[in-house]
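Please open the structure in the viewer and keep the sequence panel visible. This tour proceeds by selections, from the whole chain to single residues.

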Amino acid sequence: MANSPEHERVLELQDLIVGTQNVAEFLQRLSVMAAGALSRDTSGTMECGVTLKRRRRTFTVAGSSPKAVLLDEIEQRIGDGPCIEALKVKEPVLLANVDTDPRWPEYQKALADEGCRATLGVPLELGEDAAAALNFFAFESGVFTPAVIQEAVEFADLAGGAVRLAVKLGTAQSLADDLAAAMQSRTSIDLACGVIMGQNRCSQAEAMAILTKVSSNRNQKLRVVAEELLANLAGGGVRTHFDA
């Protein structure tokens with residue numbers, strides 16, 4: 001088990017999560033890994049795009065190469081195709097040959113113009129309010145054999161858990177960043193109010209009213225007005241505790 005391909009793949013996915021700075025980078029590297037996994041089982045090069053579905057809309061969020069992103073975005077622009085269908089039915093959807101399949105004629109023509117001959121959409125389950133899919137692109141027809149499709153499904157099963165974890169970690173980091181920014185903003189405003197109170201011998205409520213009025217007159221955020229006031233103080237300004 002320790003040396004099985006599945007175990008090695010799990011370790012690779014864990015390394016991806018640990019070694020990336022954000023969810024976007026993780027998804028980009030995941031698409032490269034997915035394309036590489038299927039390319040090893042076919043006679044040609046495979047590309048992979050990642051499509052995210054949220055609130056009934058789909059978006060291309062990553063690709064194994066600029067070409068993969070371009071191909072994935074064709075489906076988003078047209079609004080239908082195997083990847084979008086896979087997200088609807090929650091199972092793999094194959095377009096085996098752009099010359100013979102009767103579905104999605106506009107999409108298939110656009111693919112053929114880019115040299116793509118076949119695609120496979122494989123869904124990833126992320127939760128109740130979001131889903132994603134791996135969109136594999138082949139430049140030869142007939143490469144998506146049952147064995148290759150099974151390989152794509154098995155990869156997606158493992159990748160789904162990794163994506164869910166990466167999204168959770170990314171959301172947690174985003175919340176932490178937002179909290180830090182809010183604390184920094186609040187500290188600047190409180191310091192500016194203190195300066196106004198000292199200069200005008202007024203209450204905190206009156207100082208906040210003055211700061212708010214200036215913010216409204218200048219059409220600037222309250223935080224920006226507060227930071228400008230602090231920066232203009234004699235001696236080069238005041239640094240808040242949360243300044244980098």
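The stops below begin with the whole chain, continue with a pair of helices and end with the cysteines.

This is a predicted model, in which local features need pLDDT of at least 70 and side-chain atom pairs count only at pLDDT 80 or more, while totals for chains, interfaces and linings use all residues. Residues are numbered from 1 along each chain as its sequence is written, and side-chain values use heavy atoms, with hydrogens and water left out.

**The whole chain.** Select the protein chain, which has eight helices and five strands. Helices (H or I, at least four residues) and strands (E, at least two) are DSSP runs, numbered from the N terminus. Along the sequence their pattern is α-α-β-β-α-α-β-α-β-β-α-α-α. Of the 244 residues, 38% count as buried (under 20% relative accessible area, with a 1.4 Å probe and protein chains only).

**A pair of helices.** Next, select residues 66-78, helix α3, and residues 105-113, helix α5: their axes come within 10 Å and cross at roughly 155 degrees. Axes are lines fitted to C-alpha atoms, for helices over the stretch in contact, and angles run from 0 to 180 degrees between N-to-C directions. The crossing angle makes α3 roughly antiparallel to α5 (over 145 degrees). Now show the side chains: L71, I74, E75 and I78 in α3 meet E106, Y107, A110 and L111 in α5, where contact means heavy atoms within 4.5 Å.

**The cysteines.** Finally, select C83 and C48. Why is there no bond from C83? The closest cysteine sulfur, in C48, is 8.7 Å from the sulfur of C83, too far for a bond. The whole structure has zero disulfides (pairs of cysteine sulfur atoms within 2.5 Å). C83 counts as buried at 0% relative accessibility, and C116 also counts as buried, at 0%.

Methods: Parallel < 35°, antiparallel > 145°, perpendicular 65-115°, else oblique. Buried < 20%, exposed > 50% of the residue type's maximum accessible area, 1.4 Å probe, protein only.
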